[in-house]
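Trainee: I have a structure open and do not know where to begin. Can you show me how to read it, feature by feature?

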Amino acid sequence: MVVGDFAEERDTMIVGAGPGGYVAAIRAAELGQKVTVVEKEYVGGVCLNVGCIPSKALISAGHRLQEVKDSKIFGIKNIQDPVLDFKTTQDWKDHQVVDRLTGGVKMLLKKHKVEVVEGEAYMHDNHTLRVMNGDHTGQTYKFKHLIIATGSRPVEIPGFKFNGRVVDSTGGLNLPEVPKELVVIGGGYIGSELAGAYANLGAHVTILEGTPQILPNFEKDMVKLVLKSFKDKGVTVVTNAMAKNSEQDDNGVTVTYEVDGKEQSVRADYCMVTVGRRPNTDDMGLEYTDVKLTDRGLIEVDQQGRTAAQDIFAIGDIVAGPALAHKAFAEGKVAAGAISGKKTANDYVSVPAVCFTDPELATVGMTKAEAEKAGLSVTTSKFPFAGNGRAISLNSMEGFFRLVSTKDEGTIVGAQIAGPGASDLISELSVAVNGSMNVEDLALTIHPHPTLGEVVQEAADVAMGYPTHI
Ligand SMILES: Cc1cc2nc3c(=O)[nH]c(=O)nc-3n(C[C@H](O)[C@H](O)[C@H](O)COP(=O)(O)OP(=O)(O)OC[C@H]3O[C@@H](n4cnc5c(N)ncnc54)[C@H](O)[C@@H]3O)c2cc1C
């Protein structure tokens with residue numbers, strides 16, 4: 001603590017107002033706590049400002065453009081070449097989507113009487129932190145409980161310093177124009193989603209992926225469909241490609257990479273690097289507390305999110321597990337409950353993961369391989385969207401739905417979807433996995449017709465041995 005600086009006392013403090021932090025703040029306030037949130041950059045965190053939400057806005061814009069172009073099949077004629085005004089797209093994304101949502105979160109925090117302190121928090125000990133403002137003034141706080149929710153930031157790789165035409169995902173979301181040529185380094189879900197969005201918006205995209213497969217967290221038969229659609233869009237996917245260097249000039253950037261020992265290069269207007277994210281746990285004084293870090297910089301926590309320091313909790317991207325907003329939401333509620341004396345615990349059995357590519361991919365629970373590795377005897381049942389009336393009437397028939405269930409009881413342990421509406425359909429399966437429902441439960445649940453959701457009931461019928469529409 002600085003000499004002459006009087007510490008202010010607080011009950012529950014939260015560092016970071018992203019999905020983890022702001023949800024924890026609201027829940028803690030609902031449970032009767034007096035809450036103070038410290039945020040250094042933007043309420044809403046990465047997700048609302050430079051992540052989930054703006055990326056989905058650009059993806060939607062790309063889809064709209066493609067829908068207009070592809071509407072001839074519906075008998076819509078004389079469509080002149082649609083022209084995209086990307087500045088309007090970006091204005092809409094920034095002001096009507098992002099500002100609206102972040103404004104809503106600010107209002108919710110105010111409604112719950114959560115104090116929001118602007119500045120960067122540094123830990124001093126297990127019950128003290130100091131918030132520094134941009135003007136180098138600061139304030140020290142003593143707290144009873146603390147939730148750390150500082151999130152993550154993009155990883156930079158040698159030869160690709162984020163600057164000018166070499167951008168991270170944040171820069172990629174805020175390009176001033178749709179590039180004619182875009183190189184994306186890293187074909188994980190962030191890279192693949194934005195590659196698809198820019199391809200739909202009119203860019204020629206090259207993805208350089210270091211491993212043998214893009215989207216390594218999804219099964220091969222799902223990824224195959226994304227690769228097909230990338231091919232249809234003219235996206236070039238180079239796997240086993242090690243990015244080496246980038247050289248910028250006034251007109252573009254040349255990216256050098258190596259495949260099978262051979263050096264190659266590609267020229268582009270922009271190069272977006274999406275090779276992973278690093279937890280924001282360095283540089284914040286955690287060494288002055290009892291909080292323990294893994295060798296990857298993640299904070300070690302128990303089932304409630306409690307760290308090795310009794311009164312400090314950690315949630316979201318800075319703890320183990322998938323770096324996803326809905327996981328951060330859930331952990332925020334559990335930590336807020338724990339501080340309020342509730343018997344809460346995180347349960348990761350049914351954390352869904354969605355990739356907003358074309359087609360959308362979504363998974364929950366275990367794949368067949370994962371279930372077998374866990375010693376379960378399982379079977380899969382599949383239903384194609386080509387057999388679904390709604391998918392046909394949407395002219396969107398690519399893909400499938402798959403259930404993974406145990407052979408003995410038919411208990412649903414996982415599901416995978418590649419196809420239209422996968423991002424929404426997966427929630428029903430999260431309920432099924434979370435509730436240990438069996439295939440009969442799904443088969444006997446009447447689903448509305450004609451809807452995409454009928455694929456769930458149809459696959460359950462397949463599992464029961466009584467398929468109807470296949
Ligand atoms: C392009 C992109 C697309 C994504 N799409 C999806 C998606 O579709 N679905 C999904 O579930 N997830 C998605 N994610 C991931 C998602 O954004 C994160 O998992 C989520 O934001 C994590 O929430 P968090 O609360 O842990 O941290 P963050 O959202 O990172 O928030 C942390 C906050 O803490 C603040 N902070 C950090 N250090 C300090 C400090 N010392 N003092 C004060 N404040 C501090 C930061 O300014 C930030 O506002 C996407 C991410 C990106 C980059």
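Mentor: We will go through the ligand, two sheets and some backbone details in turn. Keep in mind that this model is predicted.

Trainee: Let us start with the ligand. How many residues surround the ligand, and which are the closest?

Mentor: Begin with the shell, meaning residues with a heavy atom within 4 Å. Here 38 residues surround the ligand. The closest are Gly20, Glu39, Lys56, Asp317 and Ala325.

Trainee: How does that shell divide into nonpolar, polar and charged residues?

Mentor: Sort the residues by class. The shell has 18 nonpolar residues, 13 polar ones and 7 charged ones.

Trainee: Which helix gives the largest share of the shell?

Mentor: Helix 2 does, with 4 residues. Several elements each supply at least two residues, including helix 1 (19–30), strand 2 (35–39), helix 3 (52–69) and helix 8 (325–339).

Trainee: Where does the ligand lie relative to the domains?

Mentor: Ask which domains contribute to the shell. Domain 1 (8–153 + 278–339) and domain 2 (166–275) both give residues, so the ligand lies between them.

Trainee: Which N or O atoms of the protein lie within reach of the ligand's polar atoms?

Mentor: Look for pairs of N or O atoms within 3.5 Å. The side chain of Glu39 places an N or O atom 2.6 Å from a ligand oxygen. Two backbone cases follow. An N or O atom of the Ala121 backbone is 2.9 Å from a nitrogen of the ligand. For the Pro19 backbone, the distance to a ligand oxygen is 3.4 Å.

Trainee: How much of the ligand's accessible area does the protein cover?

Mentor: Compare the ligand on its own with the ligand in place. Alone, the ligand has 1000 Å² of accessible area, and the protein covers 96% of that.

Trainee: Now the sheets. What is the strand order in the sheet of 3 strands?

Mentor: Read across the sheet, not along the chain. The order is 12-13-14, the sheet is open, and the pairing is antiparallel. Strand 12 (241–248) and strand 14 (262–268) each have a single partner strand, so each has one side without a neighbour in the sheet. From one strand to the next, the twist averages 25°.

Trainee: How many bridges join strand 13 and strand 14?

Mentor: Strand 13 (residues 253–259) pairs with strand 14 over 7 bridges, in the antiparallel sense. Try finding one of them: Thr256 has Ser265 in strand 14 as its bridge partner.

Trainee: And what is the order in the sheet of 5 strands?

Mentor: Use the same reading. This open sheet runs 18-19-22-21-20, again with antiparallel pairing. Strand 18 and strand 20 (378–384) are the edges; each has a single partner, so one side of each lacks a neighbour in the sheet. Neighbouring strands are turned by 10° against each other on average, direction ignored. Strand 18 and strand 19 pair over 3 bridges. Val354 has Ala362 in strand 19 as its bridge partner.

Trainee: Last topic: the backbone. Which peptide bonds are cis?

Mentor: Most peptide bonds are trans, and most residues other than glycine have a negative phi. Two cis cases can be found here. The bond from Asp358 to Pro359 is cis, with omega near -10°. Pro359 lies in the loop between strand 18 (353–355) and strand 19 (361–365). The bond from His449 to Pro450 is also cis, with omega near -5°. Pro450 sits in the loop between helix 12 (439–443) and helix 13 (454–464).

Trainee: What is phi of Lys113, and where does Lys113 lie?

Mentor: Phi of Lys113 is near 60°, a positive value in a residue other than glycine. Lys113 lies in the loop between helix 4 (86–111) and strand 3 (115–118).

Terms used. Residues are numbered from 1 along each chain as its sequence is written. This is a predicted model: local features need pLDDT of at least 70, side-chain atom pairs count only at pLDDT 80 or more; totals for chains, interfaces and linings use all residues. Side-chain values use heavy atoms; hydrogens and water are left out. Two strands pair if DSSP finds at least two bridges between them. Axes are lines fitted to C-alpha atoms, for helices over the stretch in contact, and angles run from 0 to 180 degrees between N-to-C directions. A polar contact is a pair of N or O atoms within 3.5 Å; within protein, one must be able to donate a hydrogen and the other to accept it, and residues adjacent in sequence count only if both atoms are side-chain atoms. Accessible areas come from the Shrake-Rupley method with a 1.4 Å probe; for residues, only the protein chains shown count as cover. Ala, Val, Leu, Ile, Met, Phe, Trp, Tyr, Cys and Pro count as nonpolar, Asp, Glu, Lys and Arg as charged, and the others, Gly among them, as polar. Domain bounds come from an automatic or database domain assignment.
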